[in-house]
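Good morning, colleagues. Please have the sequence and the structure open on your screens while I speak.

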Amino acid sequence: MTAAEPGSPGLSRPGLRGREAELARLRALVEAVRDGEGGAMALLLGEPGIGKTVLLEETVALAREQGFVVSQGRAEELHELAPLASLASGLLHGDPPLLSAEDFARLAGHHDQRVWLVERLAQLIEERSAGTPTLIAIDDVQWADPLSRFALNVLPARLFTSPVLWLLAGREDPDLRRDGPCLTTVPLRPLTDAALAELARDALGDDVPRKVTELLDGSGGNPFLATELLTGIAASGTEGHAPPERLVLGVRGRLAALRPGTLDFLRIGSVLGRAFRLGDAAALCGRPATTLIGELDEAIAAGLIDDDGERLVFRHDLLRQAVYADLAPSARRALHREAARRLVAVGRTPVDAVPHLLKSAEPGDHEAARLLGRAATDVLSVMPDLAADLALRALELIPPHEPMAFAAGERAITALTRAGRYARARETGDALLARRPPLDVFARLQSVLGDTLWHLDDVHELTRRTTAGLAVVTDPAISARLTARQALARSRGRDLDAARSTGERALAQAERADDREARVVALWGLGEIALNAGECAAAVAHHTALSAFDAAFLPEEVVARVHLDDFAMARQLLGTAGDAPLRPAMLMWAQGTLHLGLGRLDDAEADFVTAERLEADLRVPGNLVNIRVNRGRLALLRGDRDAARHHLEVVRAAMAERPNTGNHAAHQYLEAVLADAAGHHAAAAERIRSAQRDHPFVRWRILRTRCVDAVRIALRAGDRALADDLAAQAAAHAARNPAVPTAQGIAAHTAGLVGGDTALLERAVRALLTGPRPLHLAAASADLGRALLPAGTAAAIPALTRAYEVFVQTGAGFEADRVRADLDRAVTRSGRRAAARPRPSQGWEALTASERKVARLIAAGHTNRSAAAALFVSPHTVNTHLASVFRKLSVTSRVQLTRRVPAEADGPSGDG
């Protein structure tokens with residue numbers, strides 16, 4: 001019963017005829033993971049009956065022989081909506097199971113936080129697989145539920161350093177990310193004539209008639225069809241139809257020999273899916289389960305179904321399809337509708353009933369519409385795209401003139417907006433409004449559409465619609481929501497005093513109506529207004545109240561505190577976030593903003609990379625432009641113009657795909673600094689003017705601390721008016737924030753540059769010495785030193801030395817080299833300062849200080865989670881660092897990493 005040795009000329013044992021090459025590739029993967037070469041993934045792809053399941057089970061057996069912990073499961077067609085059901089079918093079944101039922105139950109309680117759930121799942125798998133290779137195999141992945149698909153798209157990349165082999169079998173490519181472990185795609189093609197001949201000899205003996213060979217040609221090389229055909233020939237000869245019609249007729253022949261009750265039982269089973277519970281079939285038959293024992297025994301004896309101890313399973317899905325195909329279409333529809341009704345009646349969730357409703361519901365079916373609506377609500381936080389589809393289907397079932405259509409439409413707008421399908425959400429809302437709903441319904445729809453219009457960046461339309469809704473609304477809670485949305489829209493306008501008044505009125509209305517949604521939006525709007533106005537203390541107050549009321553807004557409080565220079569509290573807040581299931585992408589953005597302010601450039605880069613990856617996981621790249629603008633600026637600080645230009649190309653593409661007024665200024669800033677670096681000073685100044693198209697430069701929060709850059713660009717272009725304007729904006733911002741050292745320092749710095757005033761530059765340095773931002777201090781010190789050089793080197797050297805040392809310490813190598821050149825001119829001994837040595841791209845010396853710390857912890861046996869705890873960062877950040885470490889050290893597993901990490905401790909500069 002063993003397979004042929006790799007490379008041997010003979011064919012493998014019965015059941016694996018013609019699959020020697022594919023089996024050899026899978027065996028090599030098993031052995032590679034076993035030998036510590038890192039994680040891997042294999043996809044078995046092919047049509048039904050082509051042999052995917054046989055190969056998957058053979059690989060499972062090989063892995064068990066090699067000492068793997070094995071989790072094996074199967075996705076099912078009619079369970080494709082239940083969150084995480086497909087992945088659970090594997091993780092909870094094994095000897096021993098990879099996860100306990102208790103582990104999984106704790107996870108399932110947070111299924112509404114996808115990224116958090118997958119990270120927790122990864123941590124558990126990582127801990128279980130430590131020191132032991134693991135195989136996670138899932139068959140029929142084409143039917144995986146959306147949350148399992150999300151997890152399968154993210155988990156392999158998250159666990160690429162662990163000895164985990166993922167084996168997925170399906171009918172089509174599941175389109176998984178390609179940034180995870182080594183992916184091996186194994187397409188299963190039709191069997192060769194030689195393999196078919198071996199199958200025939202297995203079934204019929206050595207003497208195979210020519211007629212059989214001709215019939216086998218009709219199987220198309222499909223091993224299941226060929227085997228069924230040979231089974232039929234062995235039983236009744238060679239006369240009959242060609243496959244695949246022969247399969248249906250063959251099954252029909254088997255069914256004809258069954259008792260009528262057994263036939264009904266199998267047909268109902270085919271409606272319930274390939275695997276089904278006896279109790280569900282009994283309920284649909286309208287009989288007690290105990291009265292179906294005879295039918296069950298007969299079906300098993302006929303070779304149509306098996307009993308796995310928990311459920312009944314059609315021996316192959318093609319058999320189920322053949323039984324199902326023998327039902328008249330009207331009978332199928334009626335049985336699916338009854339199945340949905342019965343499942344709900346026995347206490348199953350609407351999600352369990354949905355697959356049947358989608359196959360049976362017709363316009364006017366109010367019960368189906370209600371169940372679809374409830375299912376959409378249930379899965380909204382897990383898979384908003386699926387929720388949107390279900391909500392739209394529910395809306396289609398309701399006649400347009402009926403009042404419940406508006407409630408269904410509201411649900412659809414909410415789901416479409418959450419899924420990022422903003423244009424369809426707006427279209428759906430406008431279609432409902434065109435039906436001239438009652439006035440309160442009109443106001444409610446305008447309130448729901450407010451979130452859609454905000455994401456579309458159409459604040460003018462948002463203002464118009466909220467005004468229209470407020471003119472007719474009578475419900476106090478809806479009135480408060482509309483007013484709060486209007487305040488949020490006005491936060492983007494020029495009259496921030498009027499916006500603030502609207503926000504305060506909305507908050508008062510929300511408190512009177514005791515409406516949570518209105519209170520959240522009102523506080524959010526007030527925080528946005530304060531930040532846009534440059535009132536940092538007020539922004540912190542509003543965002544603190546907001547995050548206390550709704551912890552999901554904690555990242556906004558962190559960013560507000562960074563603007564206030566309250567870095568200590570910002571770090572404390574990030575520490576309290578811990579493992580809470582918050583908005584991880586926004587949390588990483590906030591952490592990156594903090595690290596950038598602290599001059600921890602490597603950590604900031606890792607944070608922004610992680611934030612972008614998390615947004616890509618969720619397919620909602622809302623912050624992509626700002627992330628890439630910051631990464632472009634980091635690249636320029638290091639002197640990597642090619643990387644900066646790449647980030648600019650990404651920004652341009654994002655702006656072309658989805659123009660956004662709020663991102664225009666940040667885009668123009670990056671265009672300006674790159675043009676300036678290339679010597680195109682006039683063009684750079686024009687970009688700075690363009691950044692002020694909608695609002696003054698300091699109005700844009702991401703640019704507020706970049707005012708010195710903008711002034712330098714204006715001065716190099718000879719545009720004194722632009723420089724004066726920018727310096728005046730910085731001074732006004734400082735006046736609004738007298739207790740913020742960065743604001744005071746930037747105001748003095750810009751004024752000193754514009755006026756050539758060393759006293760103002762000295763004031764800037766003094767202010768920034770009391771603040772938390774080393775890069776701003778270094779920039780002011782460098783400009784002070786350069787300004788003092790004409791008066792004598794003695795005064796210039798301390799300022800230039802401080803600037804040089806800070807730039808080197810933070811990793812801003814390009815700026816450090818510029819200051820070093822000034823220092824060389826200021827001192828009599830040439831070469832007093834060595835140039836900042838560029839970091840190599842490969843090897844241990846290529847690692848940043850943070851990457852070295854992560855590498856040492858992982859090599860010492862830490863998991864990502866325990867390493868994150870030791871470094872006071874998130875596991876997401878550790879994973880980003882680890883991916884970089886593996887790339888720079890050219891390793892593929894933790895075992896290899898352990899061998900590469902130097903045994904001796906780093907020197908003083910090693911861990912920074």
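With which side chain does the side chain of T610 make a polar contact? The partner is the side chain of T880, at 2.3 Å. Before I go further, please note that this is a predicted model.

Let me stay with T610 for a moment. This threonine sits in helix α30, which covers residues 601–618. T610 is buried, its relative accessible area being 0%. Leaving aside residues up to four places away in sequence, T610 touches M588, H876, T877 and T880. The last of these, T880, is the polar partner just named.

I turn now to the beginning of the chain and to strand β1. This strand is mostly covered, with 6 of its 6 residues buried. As a general point, side chains in a regular strand alternate between the two faces of the sheet. In β1, A40, A42 and L44 point one way, whereas M41, L43 and L45 point the other way. Residues of both groups are buried.

Which strands pair with β1? One is β4, joined to β1 in the parallel sense over 6 bridges. Within that pairing, M41 has W166 as its bridge partner in β4. Another is β5, which also pairs with β1 in the parallel sense over 6 bridges. There, L44 stands opposite V186.

Helix α1 packs against these strands. Its buried residues are in contact with β1 (40–45), β4 (164–170) and β5 (182–187), and with helix α2 (52–65) as well. The helix runs over residues 20–34, a total of 15 residues. From first C-alpha to last it reaches 21 Å, close to the 21 Å expected at 1.5 Å a residue. An α-helix has 3.6 residues a turn, so residues three or four places apart point the same way. The buried residues of α1 are E22, L23, L26, R27, L29, V30, A32 and V33. Please note that E22 and R27 are on that list alongside residues such as L23 and V30. After α1 comes G36, which has a positive phi, near 85 degrees.

A second sheet deserves a brief mention. It is an open sheet of 3 strands in the order β6-β8-β7, with antiparallel pairing. The edge strands are β6 (275–276) and β7 (305–307), each of which pairs on one side only. Strand β6 is joined by 2 bridges to β8, residues 312–314. In that pairing, A275 has V313 as its bridge partner.

Next, the charged pairs. How many salt bridges does a search of the whole structure find? The search finds 70. I have selected three for discussion.

The first pair is R348 with D280, where the closest N and O atoms are 3.0 Å apart. R348 lies in the loop between α15 (329–345) and α16 (350–360), while D280 belongs to helix α12 (residues 278–285), so this salt bridge ties together parts that are 68 residues apart in sequence. R348 is partly exposed, at 24% relative accessibility, whereas D280 is buried, at 17%.

The second pair is R287 with E295, and here the closest N and O atoms are 3.2 Å apart. R287 is partly exposed at 31% relative accessibility, and E295 is buried at 8%.

The third pair is R465 with D430, whose side chains meet at 2.8 Å, N to O. This pair links distant parts of the chain, 35 residues apart: R465 is in helix α22 (residues 459–470) and D430 in helix α20 (residues 422–433). In this case the arginine, R465, is buried, with a relative accessible area of 6%, and D430 is partly exposed at 29%. Beyond these pairs, R337, E338, R341, R342, D365 and E367 are joined into one network by salt bridges that share partners.

Finally, the cysteines. How many disulfides are found in the whole structure? The search returns 0. Why does C536 have no bond to C707? The sulfur in C707 is the closest cysteine sulfur to that of C536, yet the two are 14 Å apart, too far for a bond. The cut-off for a disulfide is 2.5 Å between the sulfur atoms. For those who work with thiols, C536 is buried, at 1% relative accessibility, whereas C182 counts as exposed, at 52%.

Thank you for your attention.

Notes: Residues are numbered from 1 along each chain as its sequence is written. This is a predicted model: local features need pLDDT of at least 70, side-chain atom pairs count only at pLDDT 80 or more; totals for chains, interfaces and linings use all residues. Side-chain values use heavy atoms; hydrogens and water are left out. Buried means under 20% relative accessible area, exposed over 50%, partly exposed in between (1.4 Å probe, protein chains only). Helices (H or I, at least four residues) and strands (E, at least two) are DSSP runs, numbered from the N terminus. The expected span of a helix is 1.5 Å times one less than its number of residues. Contact means heavy atoms within 4.5 Å. A polar contact is a pair of N or O atoms within 3.5 Å; within protein, one must be able to donate a hydrogen and the other to accept it, and residues adjacent in sequence count only if both atoms are side-chain atoms. Two strands pair if DSSP finds at least two bridges between them. A salt bridge is a side-chain nitrogen of Lys or Arg within 4 Å of a carboxyl oxygen of Asp or Glu.
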